[in-house]
Amino acid sequence: MARWPLFPVTVVGSWPRPTWLLEAMKRGRGDLRTLQDEATLLAIKYQEDAGVDIVSDGEQRRDNFYSFICHRLDGIRLMTMADLLEYVEDKAAFETLLNALDVPAFAIKNPTVVGKLTLKEPLVLEDFKFVREHTRKPVKVTLPGPYLLSRSTWVKSLSDAAYPTREVLADDIVQILRDELQALAAAGADIVQFDEPVLTELVFAGKSATRTFMCAALAASASPEGELELAVDLINRVVEGINGPIVALHICRGNWSQKEEVLLEGSYDPLIPYLARMKVQQLVLEYATPRAGSLQALQALPTDMQLGFGAVNPRTAALEAPEEVASRVTQLAELIAPERIYLNPDCGFGTFADRPVGTPDVAFKKLCVLSQAAALLRAAT
Ligand SMILES: [Zn+2]
């Protein structure tokens, strides 16, 4: 049952917000929802025009890929990194980290658990229904992953009254994400993608002096192996027994700066044994920059696991040539079956609302490159 052509083109999730939406978000205008609707329609239109086969809502209703959940849950609130500095366990390390990043501490807000988590409204179900009503294309929905959430939102002195340990919090997070996935499955979502960007930080952080992810900086670091085991366990508990959508997991290495040197570097190789044990049907990985390492490691994945192949860099204005993209995919197709390969950019185009990594014009052209590459590949098979 092919729901889409071979080498389907899709996105990782976010799309640069229009300036009028950013202004309305800042000022908290009463008609924000209407403006978000319009921005979403625009994001869909760009994707459709670029020939994307599976579209997303561009995350136009979010301030970033994960902290938007604060608006949909009670018991969690946004705190600036400057606020949190008072509460983190290892202040010196945290300060060093903030200084190493090219963002000011007050500019990034972290969702922090301060009470028992309860749902005010579904996390993304209504957003999905809006997209479903406004496109004929299959739809991908994105959600923050259970490991990211349980790691970044638990700050001991603020969270321990409601959740004595991170593990107890993780139990509630798993249940909330399971309920959401079930609802999305019932509503007909085609792909549900969980974002777990900090997994790469676990395997690379030991090698570099600086930690790269603000969202992972808060938890005192345990052993990388233990953390990866936890990540495998949490995602498997979220997806267990739920059928319908293709469940995908996206892992990248930082998408908040155009400076390559401040983003994480390293291949996915050390993660592959853990990823192979995740009960997800698709991995969405970055392969558009040399930081990704070789393709060979992907051969160790289960043969029924699909790969969302990051084939264009969302952070650069220079356009990749469709022929080059197609030729890299042809190399990949010698290692894993072509039916398993999806084409996408390395990450979203607007992960953080006020800090998009590209303009809509460049983002549109990058997606056009992907669909031109897909056309070349389809013509050759
Ligand atoms: Zn990403």
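## A quick tour around strand β7

In β7, valine 284 has glycine 308 as its bridge partner. That pairing is a handy way into this model, which is predicted. From there we can look at the strand itself, its neighbours in the sheet, a pair of packed helices and two residues with unusual backbone angles. For the big picture, the protein chain has 13 helices and 8 strands, and 59% of its 381 residues count as buried.

**Strand β7 and its neighbours**

- Let's start with the strand itself: β7 covers residues 306-312, and 7 of the 7 are buried, so the rest of the structure largely encloses this strand.
- On one pairing, β7 runs parallel to strand β6 (residues 282-286), and 5 bridges join them.
- Besides the valine 284 and glycine 308 pair, glutamate 286 has glycine 310 in β7 as its bridge partner.
- β7 also runs parallel to strand β8 (residues 341-345), again with 5 bridges between the two.
- Here leucine 307 stands opposite isoleucine 341 in β8.
- To get from β7 to β8, the chain goes through helix α12 (residues 322-332), and this β-α-β crossover is right-handed.

**The sheet they belong to**

- Zooming out, β6, β7 and β8 are part of an open sheet of 6 strands, ordered β3-β4-β5-β6-β7-β8, with parallel pairing.
- Which strands sit at the edges? They are β3 (140-144) and β8, each of which pairs on one side only.
- Ignoring direction, neighbouring strands in this sheet are turned by 25° against each other on average.
- As background, strands of a sheet pair through backbone hydrogen bonds, and the pairing can be parallel or antiparallel.

**Helix α12 meets helix α13**

- The crossover helix has a partner too: α12 packs against helix α13 (residues 360-380) at an angle of about 55°, and their axes are 8 Å apart.
- That angle makes α12 oblique to α13, because it is neither under 35 degrees nor within 65 to 115.
- As for handedness, α12 and α13 make a right-handed crossing.
- On the α12 side, the residues that meet α13 are Pro322, Glu323, Val325, Ala326, Val329 and Thr330.
- Their counterparts in α13 are Val369, Leu370, Gln372, Ala373, Leu376 and Leu377.

**Two residues with a positive phi**

- Phenylalanine 7 lies in the segment before α1 (19-27), and its phi is near 50°, a positive value in a residue other than glycine.
- Is phenylalanine 7 buried or exposed? Its relative accessibility is 3%, so phenylalanine 7 counts as buried, the cut-off being under 20%.
- Glutamate 59 also has a positive phi, of about 55°, although it is not a glycine.
- You'll find glutamate 59 in the loop between α2 (32-49) and β1 (73-80).
- With a relative accessibility of 2%, glutamate 59 counts as buried as well.

**Contacts across the chain**

- How much of the contact count comes from residues 24 or more positions apart? Among contacts in the protein chain with a separation of 6 or more, such residues account for 82%.

Technical notes. Residues numbered from 1 in each chain as written. Predicted model: local features only at pLDDT ≥ 70, side-chain atom pairs only at ≥ 80, totals over all residues. Heavy atoms only, no water. Buried < 20%, exposed > 50% of the residue type's maximum accessible area, 1.4 Å probe, protein only. Helix = DSSP H or I, 4+ residues; strand = E, 2+ residues; numbered from the N terminus. Pairing = 2+ DSSP bridges. Right-handed = clockwise from strand over helix to strand, strands pointing away. Axes fitted to C-alpha atoms, helices over the stretch in contact; angles between N-to-C directions. Parallel < 35°, antiparallel > 145°, perpendicular 65-115°, else oblique. Left-handed = near helix turned anticlockwise from the far one by under 90°. Contact = heavy atoms within 4.5 Å.
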